[in-house]
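Biologist: Could you pick out a single part of this protein and take me through it slowly? I'm in my first year, so plain words and one step at a time would be great.

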Amino acid sequence: MTRRLIALLAVCLLAVGVSTSCGGDDGDGGTEAGDGEVTIFSLWGGSEQEAFQKVLTQFTQDTGIRTKYESARDFLPVIRTRLAANNPPELAIIPRPGFVAELAGDDVLIPLEDLGLDPDEINENYSETWTNLATVDDTVYGVVAKANSKSTVWYKPNSFRENGFEVPQTWDQLLQITEQYKAKGSTPWAVGAQGDENSWTLTDWFEQIYARQSGPEMYSQLFETGEVPFNDQSVKDALTEMVKIVNDENVAGGIDTALGISFVDAIGRVFGKNPRAEMFYEGGFVGGIATQQVNTALQPGRDIDWFEFPTINEDHGNPLVGGGDVAAAFVNNEDVAELMEYLSTPEAGRIWVSTGAIASPNEGVADDAYPNELVTKEAAQIREAETFLFDGSDLLPGTLGQNFGTLLQNIIKTPNNMDQLLNDYQSQAEQAGFGT
């Protein structure tokens, strides 16, 4: 019996007076009929939202189930407020595995099995790297809807050719290009790290440097177990390298401007119609935002491209640091289960990647589904990575992840206060029970 037939049967039973309730768990682990519409909550806006909407539109055409998309950049506070008001979304795209663990621990997420879905079948096209992000205490709560590499540095191929620059393979070479751009009167970099909503761009900078300088083991000990304290010398060493680039001299408008604009605005300072800088560091999603939202005239491979974040310590190579977003349910009904199942399919993945906005961790999505070389390269980078490290700040529990971004905002503004700022943050981590 199909899920839709089960739903129809449930409606019939309601019609003859069988008592049941709408949404949530029925107390016996069963999955109830929906009302023909699923509410979905995410932090995506702009071109990211538009790309996801194409997936939802196809889902509605295939099933007749309507969708209602809602978004907010401050994801966790909004979810918390809605849960407190007993008004959760039916399904959410959760941007951090730490949030998945936190919400699962609060018993507000619906396991796949309770939705009537087989976790092994749902995740048959996903490697353990990705299924682990949706698993808490051996219970699978969702599926990784999309993935991205954050080990991508964006540049202008035409500008490199005109200046005789080769794509840098090492950190020292990247620093040399930075200095050469300045010597030619150009601003090398743009950064956008305004407020809480954009401070994550700085955590990404730090994570790339730390992973390459100190290696995957220490990265895990810093962000996952807390065995390495945040005032450790290795952290200071990584920050020292970071501010060699992220400083007043190298960043368009200086640090005050970087702390006053969003990351999308910063993309525009490099790839907009009136550019002010030459390079931009952020994840693979930059390509879709730049070409679809910031400047539709950009030509991949000519006006915009990316290279892998360069090696710092040869002993540690180039571990891939990236992220993924987990689709998870807050309400147990047939419509939600059907959407969850759909999001796990290669069909949904192919629609999504065809927009150029994302790379998919779904192994059933072939390279020919991608519309341009930017995302095709990113998908290959994700698949072929020998070492994958999840975004560090996203792994931190509670408010530590957000506060880490605030810490870095303060450090790039007042690098001479680094030691005290790190000591204060380490005290916060200890008070939160992290690493103790």
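Modeller: Sure, let's start with strand 1 and its neighbour, strand 2 (residues 66-71): the two pair in the parallel sense, over six bridges. Keep in mind as we go that this is a predicted model. To see one spot of that pairing, find Thr39, which stands opposite Lys68 in strand 2. How does the chain get from one strand to the other? Strand 1, helix 2 (residues 46-63) and strand 2 together make a right-handed β-α-β unit.

Strand 1 has another partner too. Strand 3 (residues 91-94) runs parallel to strand 1 and is joined to it by two bridges. Here the residue to look for is Ile40, whose bridge partner in strand 3 is Leu91. Is strand 1 mostly covered or mostly open? Mostly covered: of the six residues in strand 1 (residues 37-42), five are buried. While you're in this stretch, have a look at Phe41: the charged end of Arg82 sits over the ring of Phe41, 6.0 Å from its centre.

Now for a sheet you can compare with that pairing. Four strands form an open sheet in the order 8-9-7-10, and the pairing is mixed. Its edges are strand 8 (189-190) and strand 10, each of which pairs on one side only. Let's walk across. Strand 8 and strand 9 run parallel and are joined by two bridges, with Ala190 opposite Phe280 in strand 9. Next, strand 9 (residues 279-281) pairs with strand 7 in the antiparallel sense, again over two bridges. There, Val153 stands opposite Tyr281 in strand 9. Last comes the step from strand 7 to strand 10: these run antiparallel, with four bridges between them, and Thr152 faces Glu308 in strand 10.

Stay on strand 7 for a moment, since there's a pattern to spot. In a regular strand, side chains alternate between the two faces of the sheet. In strand 7 (residues 152-155), Thr152 and Trp154 point one way, while Val153 and Tyr155 point the other way, and all of them are buried.

Strand 10 also takes us to the aromatic rings. What kind of pair do Phe160 and Phe307 make? Their ring centres are 6.3 Å apart and their planes are at 40°, so the pair is tilted. This one ties together distant parts of the chain: Phe160 is in helix 7 (residues 157-163) and Phe307 is in strand 10 (residues 305-308), 147 residues apart. Both Phe160 and Phe307 are buried. Right beside Phe307 in the numbering is Trp306, and Lys377 lies over the face of Trp306, at 4.4 Å from the ring centre.

For a pair with another geometry, go to Phe206 and Phe404, which are edge-to-face: 5.5 Å centre to centre, with 75° between the planes. These two also link distant parts of the chain, with Phe206 in helix 10 (residues 200-214), Phe404 in helix 20 (residues 400-413), and their positions 198 residues apart. Phe206 is buried, and Phe404 is as well. Both belong to one aromatic cluster, whose members also include Tyr210, Tyr219 and Phe434. Across the whole structure, a search finds 33 aromatic pairs.

Finally, how confident is the predictor? The protein chain has a mean pLDDT of 91, and 93% of its residues reach 70 or more. Go carefully with residues 1-28, though: pLDDT is below 50 there, and the stretch has 32 contacts in the model beyond near neighbours in sequence.

How values were computed: Residues numbered from 1 in each chain as written. Predicted model: local features only at pLDDT ≥ 70, side-chain atom pairs only at ≥ 80, totals over all residues. Heavy atoms only, no water. Phe/Tyr/Trp six-rings, centres within 6.5 Å; stacked < 30°, edge-to-face > 60°. Buried < 20%, exposed > 50% of the residue type's maximum accessible area, 1.4 Å probe, protein only. Lys NZ or Arg CZ within 6 Å of the ring centre and 35° of its normal. pLDDT = per-residue confidence, 0-100. Contact = heavy atoms within 4.5 Å. Pairing = 2+ DSSP bridges. Right-handed = clockwise from strand over helix to strand, strands pointing away.
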